[in-house]
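Here are my notes on the model you sent over. Have the structure open while you read, since the points hop between helices, cysteines and single residues.

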Amino acid sequence: MYDVLIFLLGSVLSSFIVCYSWRYVNNISQLQRRSFCEHCHHPLKAWQLIPILGFFLQKGRCFFCTSRISPLSTIIELLGGSLAVFCYSNYSRPYFFVLFSFIMWSLCLGLQDYKLYAASSNILYLGFLIFSALNIIFFEFSFSYFFQFSLLLSVLVYFSIKKMFGWADVLYIIMLLS
């Protein structure tokens, strides 16, 4: 029973992240009242907003204009639900929340970066601060770890200065490896 609820939670959060990222990439206000068809811009009905199920109930086409709906969102919703169940089954509750939050943060940054080669600085820095704080809370500090972290940071800053990749990449890699 818990697995079904966790799968639904993961699917809903993945759906939200896809919607948020799509709106960010297309410069559409996050405060827009309701999701809409990408082609005809008709607001979607409640049953069309159900993750995974909405896609199949519409047979992969917009109910209003019959344009084809990209299956990418549905695939991400399935993966998000599956990852949520995997994390919930294999990690203690605090680690589950941290790991799954990190996965959702990564998904959001990845979807934005895929389209724009950039990501929302607000999401990037907020996630960096939150996960840095959680890293300090959950893991004990050691000078060995601090030295390795400083060395990694120095190398990444060097690559960023040489324009081999951007600051978002630096922050993400630091969070990934810490």
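What follows is a list of numbered points, going from the overall picture to the details.

1. **Overall picture.** Keep in mind that this is a predicted model. The protein chain has 7 helices and 0 strands, so the order of elements from the N terminus simply reads α-α-α-α-α-α-α. Along the principal axes, the C-alpha atoms fill a box of roughly 60 × 45 × 25 Å. Of the chain's 178 residues, 30% count as buried. Among contacts with a separation of 6 or more, 52% come from residues 24 or more positions apart.

2. **Helix α1.** This helix covers residues 2–25. α1 has 24 residues and spans 34 Å from first C-alpha to last, close to the 34 Å expected at 1.5 Å a residue. Its buried residues are Ile6, Gly10, Ser11, Ser14, Ser15, Ile17, Val18, Tyr20, Ser21 and Arg23. If you want to know what covers them, the list includes α3, α4 and α5 (121–138). After the helix comes Asn27, with a positive phi near 55°.

3. **α1 against α3.** Two packed helices are described by the angle between their axes and the distance between the axes. For α1 and α3 (residues 72–90), the angle is about 135° and the axes are 7 Å apart. The pair is therefore oblique, as roughly antiparallel would take an angle over 145 degrees. The crossing is right-handed. On the α1 side, the contact is made by Tyr2, Asp3, Ile6, Phe7, Gly10, Ser11, Ser14, Ser15 and Val18. The α3 side contributes residues including Ile76, Gly80, Gly81, Ala84 and Tyr88.

4. **α1 against α4.** Here the axes come within 9 Å and cross at roughly 30°. α1 and α4 are therefore roughly parallel to each other, the cut-off for that label being under 35 degrees. This crossing is right-handed too. From α1, the residues in contact include Leu13, Ile17, Tyr20, Tyr24 and Val25. Facing them from α4 are residues including Phe96, Phe100, Leu107, Leu111 and Leu116.

5. **A closer look at Ser14.** Is this α1 residue buried or exposed? Ser14 sits in helix α1 and has 0% relative accessibility, so it counts as buried. Leaving aside neighbours within four places in sequence, Ser14 is in contact with Ile76, Glu77, Gly80, Gly81, Met104 and Leu107. Ser14 is also listed in the α1–α3 contact and in the α1–α4 contact, which ties points 3 and 4 together.

6. **Helix α4 by itself.** α4 runs over residues 93–116, and its 24 residues reach 34 Å between the end C-alphas, close to the 34 Å expected. Its buried residues are Phe96, Phe100, Phe102, Ile103, Met104, Trp105, Ser106, Cys108, Leu109, Leu111 and Gln112. Just after the helix, Tyr117 takes a positive phi of about 55°.

7. **Cysteines.** How many disulfides does a search of the whole structure find? The search turns up 0. For Cys19, the nearest cysteine sulfur is that of Cys108, 11 Å away, and Cys19 is in no disulfide. Cys62 is in no disulfide either, and its nearest cysteine sulfur, that of Cys37, is 3.6 Å away. A disulfide needs the two sulfurs within 2.5 Å, which is why the Cys62 and Cys37 pair is not counted. The surroundings can be read off too: Cys19 is partly exposed, with a relative accessible area of 25%, whereas Cys62 counts as buried at 5%.

8. **The loop before α3.** Where does Ile69 lie? Ile69 belongs to the loop between α2 (53–57) and α3. With a relative accessible area of 27%, Ile69 is partly exposed, since buried would take a value under 20%. Not counting residues up to four places away in sequence, Ile69 touches Phe55, Gln58, Gly60, Arg61 and Cys62, the last being the buried cysteine of point 7. The C-alpha atoms of Ile69 and His39 are separated by 9.1 Å, with their positions 30 residues apart along the chain.

Terms used: Residues numbered from 1 in each chain as written. Predicted model: local features only at pLDDT ≥ 70, side-chain atom pairs only at ≥ 80, totals over all residues. Heavy atoms only, no water. Helix = DSSP H or I, 4+ residues; strand = E, 2+ residues; numbered from the N terminus. Expected span 1.5 Å × (residues − 1). Buried < 20%, exposed > 50% of the residue type's maximum accessible area, 1.4 Å probe, protein only. Axes fitted to C-alpha atoms, helices over the stretch in contact; angles between N-to-C directions. Parallel < 35°, antiparallel > 145°, perpendicular 65-115°, else oblique. Left-handed = near helix turned anticlockwise from the far one by under 90°. Contact = heavy atoms within 4.5 Å.
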